[in-house]
Amino acid sequence: MPHSDGTVSITINGEHRRVVAGLTLASLATELGLVPEKVAVERNLEVVPRSTLAAVMVEDGDDIEIVHFVGGGDHPAAGSVGDHAAPIVEDGWSVAGRTFRSRLIVGTGKYKDFAQNAAAVEASGAEIVTVAVRRVNIADRNAPMLTDFIDPKRITYLPNTAGCFDAESAIRTLRLAREAGGWDLVKLEVLGEARTLYPDMVETLRATEILANEGFLPMVYCVDDPIAAKRLENVGAVAIMPLGAPIGSGLGIQNRVTIRLIVEGATVPVLVDAGVGTASEAAAAMELGCDGVLMNTAIAEAKDPILMARAMKAGVDAGRLAYRAGRMGIRRYADPSSPLAGLI
């Protein structure tokens with residue numbers, strides 16, 4: 001029953017109001033600055049079908065709830081509305097003045113044959129592959145060669161010193177590699193022992209300095225030690241490549257704290273080298289801010305190397321995007337995603 005002033009008393013979303021008598025629910029929504037087609041209305045604890053809002057009259061004493069959908073989270077920062085629709089900016093990385101799009105470097109060992117290796121490289125999207133320098137098979141001149149399957153004009157070869165246990169043998173290997181292919185961008189690793197394949201940092205530092213003085217551009221495998229990493233950079237390393245775990249172990253990154261410290265202290269690219277076993281671990285390396293990930297065994301020894309190569313590509317890409325986005329803060333207690341204001 002309308003009041004003498006032609007109004008009715010109602011409750012809207014918990015607030016008592018007087019509105020002009022004779023309004024429909026649709027016209028009430030319009031009066032409130034809402035679009036009837038974009039809201040849901042409950043009248044006296046019963047949901048009113050949206051198709052009938054223009055026919056249902058507002059009556060004195062009605063208890064009305066009007067709701068709409070909101071984002072399940074905090075309000076976006078100023079200027080951020082619609083940012084999710086913006087195209088991803090090309091996000092390449094550079095080492096020694098050379099720029100690459102893919103942040104995944106893959107090895108060329110342990111595959112059943114060169115054809116499978118080439119297919120895995122293609123699936124991974126890698127633009128750099130590590131290659132070991134080994135003696136030519138002079139007993140079989142028709143034996144297949146890696147260059148027959150992975151074109152060094154299209155994919156950058158990164159000669160490495162796998163299997164070298166002192167500075168002299170590593171330097172000798174890379175001198176031969178440069179002579180064979182003209183490569184100066186190389187991967188240096190000087191191992192301390194065969195059981196763990198941990199780097200010998202004394203020999204690694206010595207080899208790095210000599211190679212840099214000879215014009216090489218060494219990307220250096222090292223322990224996950226921020227002090228050792230900085231020393232390598234100071235003597236000429238163009239990239240720091242700390243191990244995540246022992247070579248071929250698949251244990252994943254064992255010490256994220258020191259990897260992060262290396263990233264924070266370096267002025268050259270940092271890539272996790274060794275220990276990654278699956279795609280989530282590749283993503284974890286990238287979330288730490290690393291410029292890339294190098295792997296071989298994780299792909300080559302997978303049950304389906306081609307599929308794992310695709311997974312590793314996706315893992316590296318996801319980790320890089322997450323790092324650029326900036327993760328949320330970590331809290332001790334729950335924090336609701338949906339706002340509590342306006343709760344029915």
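## A tour from the aromatic pairs outward

Start by selecting Phe149, a partly exposed residue with a relative accessible area of 39%; here buried means under 20% relative accessible area, exposed means over 50%, and partly exposed lies in between, with a 1.4 Å probe and protein chains only. The model on your screen is predicted, and therefore local features need pLDDT of at least 70 and side-chain atom pairs count only at pLDDT 80 or more, while totals for chains, interfaces and linings use all residues. Residues are numbered from 1 along each chain as its sequence is written, and side-chain values use heavy atoms, with hydrogens and water left out.

**Stop 1: the aromatic rings**

Rings of Phe, Tyr and Trp (for Trp, the six-membered ring) are paired if their centres lie within 6.5 Å, and a pair counts as stacked with planes under 30 degrees apart, as edge-to-face over 60, and as tilted for the rest. By this rule the model has 3 aromatic pairs. Add Phe114 to your selection of Phe149: the two ring centres are 5.7 Å apart and the planes stand at 45°, so this pair is tilted. Phe114 belongs to helix H2 (residues 114-124) and Phe149 to the loop between strand S9 (128-132) and strand S10 (156-160), so the pair ties together parts that are 35 residues apart in sequence. Helices (H or I, at least four residues) and strands (E, at least two) are DSSP runs, numbered from the N terminus. Phe114, like its partner a partly exposed residue, has a relative accessible area of 27%.

Next select Tyr157 and Trp183, an aromatic pair that is stacked, with 5.7 Å from centre to centre and 15° between the planes. This pair links distant parts of the chain, since Tyr157 is in strand S10 and Trp183 is in the loop between helix H3 (167-181) and strand S11 (185-188), 26 residues apart. Is Tyr157 buried or exposed? Tyr157 counts as buried at 4% relative accessibility, whereas Trp183 is partly exposed, with a relative accessible area of 26%.

**Stop 2: two positive phi angles**

Most residues other than glycine have a negative phi. With that in mind, select Asn13, where phi is near 50°, a positive value in a residue other than glycine. Asn13 is found in the loop between strand S1 (7-12) and strand S2 (15-20) and is partly exposed, with a relative accessible area of 39%.

Then move to Asn44, where phi is near 55° and thus positive in a residue other than glycine. Asn44 has its place in the loop between strand S3 (40-43) and S4, and counts as partly exposed at 36% relative accessibility.

**Stop 3: Leu45 and a long line across the model**

Leu45 also has its place in the loop between S3 and S4, and is exposed, with a relative accessible area of 73%. Draw a distance from the C-alpha atom of Leu45 to that of Ala162, and you should find that these atoms, 117 residues apart along the chain, are separated by 74 Å.

**Stop 4: Glu59**

Select Glu59 in the loop between strand S4 (46-48) and strand S5 (63-67), a partly exposed residue with a relative accessible area of 46%. Which residues does Glu59 touch, not counting those up to four places away in sequence? Glu59 touches Val8, Ser9, Ile10 and Arg43, where contact means heavy atoms within 4.5 Å. The C-alpha atoms of Glu59 and Ile10 are separated by 7.6 Å, although the two residues are 49 residues apart along the chain.

**Stop 5: Arg260**

Arg260 lies in helix H6 (residues 256-265) and is partly exposed, with a relative accessible area of 27%. Not counting residues up to four places away in sequence, Arg260 touches Leu288, Gly289 and Tyr323. Asp224 is 36 residues from Arg260 in sequence and 9.6 Å away in space, C-alpha to C-alpha.

**Last stop: the whole protein**

Now zoom out and colour by secondary structure, which shows 9 helices and 15 strands. The radius of gyration is 31 Å, well over the 20 Å that the globule rule gives for 344 residues, so the protein is more spread out than a compact globule; the radius is taken over C-alpha atoms, and the rule is 2.2 Å times the number of residues to the power 0.38. Along the principal axes, the C-alpha atoms fill a box of roughly 110 × 45 × 35 Å. Buried residues make up 40% of the 344 residues. Of the contacts with a separation of 6 or more, 62% are accounted for by residues 24 or more positions apart.
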